[in-house]
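Hi everyone, thanks for coming. Let me put the structure up on the screen, and then I'll walk you through one part of it.

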Amino acid sequence: MLKLYGGARSRASIVKWYLEEIAVPYEFVTLDMPAGAHLQPEYLEINPIGKVPAIVEGDFKLWESGAILLYLAQKHGKMPETLEQQAQIVQWVMFANASLGPGIFTEATRDRETPRLLTPLNQIFEKQPFLMGDEFGVADAAVGSILGYIPMVLQLDLSPYPAVVDYIKRISERPAFKSAIGGG
C-alpha cells in the first residue's frame with residue numbers, strides 16, 4: 001500500500017486530498033516535525049531534502065507535492081490522452097507551486113502578485129467551474145489547495161475576484177477537501 005509521509009499541518013494534505021478524490025487507499029505516516037522526525041536518517045533515505053510530503057510505494061520513493069500529484073494522476077488514469085492536454089496540467093501544477101503559492105504567501109510580494117495571479121484565474125473561473133473545464137482534476141488539487149488556504153491563513157480581500165471566491169467555495173465543499181484540508 002502507498003505510504004504518504006507528512007506533518008500534522010503540512011503540504012502532505014494536498015496529496016491526501018487528491019488521494020481521497022481519486023479513491024486510492026493509502027497509509028498516512030505522521031512525522032513529528034517539531035521533534036525533527038523529517039531530519040532523521042530513516043526519513044532522509046526517502047527524501048534527502050528532509051521535507052514533506054513524500055510517498056513510498058514498494059521500492060519507489062517520490063517527494064515534492066506537484067511531482068506526487070502528477071505521478072498519481074498518471075498512474076491512476078486521470079491524465080488526458082493528448083500530450084498537449086497533459087502539458088497544460090503540468091503547467092498548472094508548476095504554476096501552483098512556483099508562482100501562485102510564493103506570490104500569495106510571501107508577504108513582500110503579496111500586494112504586487114495577488115492581482116497579477118488572481119485576475120486571470122478569475123477570468124478562467126467566470127467561464128468554467130474548474131481549471132481544465134467542467135470536471136475537477138489534478139490541476140485543481142494543486143491550484144485549489146493554494147487558493148483554499150488563503151481564507152484559512154490570510155486576511156486577504158478577495159472581493160475583486162468573485163469567481164475565485166466561488167471556486168474556493170466549490171472546492172472547499174468537496175468531501176475529500178473537507179476531510180484532508182478543511183478539518184471536516
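A quick word before we start: what you see is a predicted model.

Let's begin with two paired strands. Strand 3, covering residues 54–57, runs antiparallel to strand 4, and 4 bridges join them. For a landmark in this pair, find Ile55, which stands opposite Leu62 in strand 4.

Now let's widen the view. These strands belong to an open sheet of 4 strands, ordered 2-1-3-4, with mixed pairing. At the edges you'll find strand 2 (26–30) and strand 4 (60–63), each of which pairs on one side only. On average, neighbouring strands in this sheet are turned by 20° against each other, ignoring direction. As a reminder, strands of a sheet pair through backbone hydrogen bonds, either parallel or antiparallel.

Next, the helices. Helix 1, residues 12–21, lies across strand 1 (2–6) and strand 2, and runs at about 150° to strand 1. Helix 3, residues 65–75, lies across strand 1, strand 3 and strand 4, at about 130° to strand 4.

Let's stay with helix 3 for a moment. Which of its residues are buried? They are Ser65, Gly66, Ile68, Leu69, Leu70, Leu72 and Ala73. And what do these buried residues pack against? Their partners are strand 1, strand 3 and strand 4, together with helix 1, helix 4 (83–105) and helix 6 (138–153).

One last stop: just after helix 3 comes Gly77, with a positive phi of about 70°.

That's my tour, and I'm happy to go back to any part of it.

Technical notes. Residues numbered from 1 in each chain as written. Predicted model: local features only at pLDDT ≥ 70, side-chain atom pairs only at ≥ 80, totals over all residues. Heavy atoms only, no water. Pairing = 2+ DSSP bridges. Axes fitted to C-alpha atoms, helices over the stretch in contact; angles between N-to-C directions. Contact = heavy atoms within 4.5 Å. Buried < 20%, exposed > 50% of the residue type's maximum accessible area, 1.4 Å probe, protein only.
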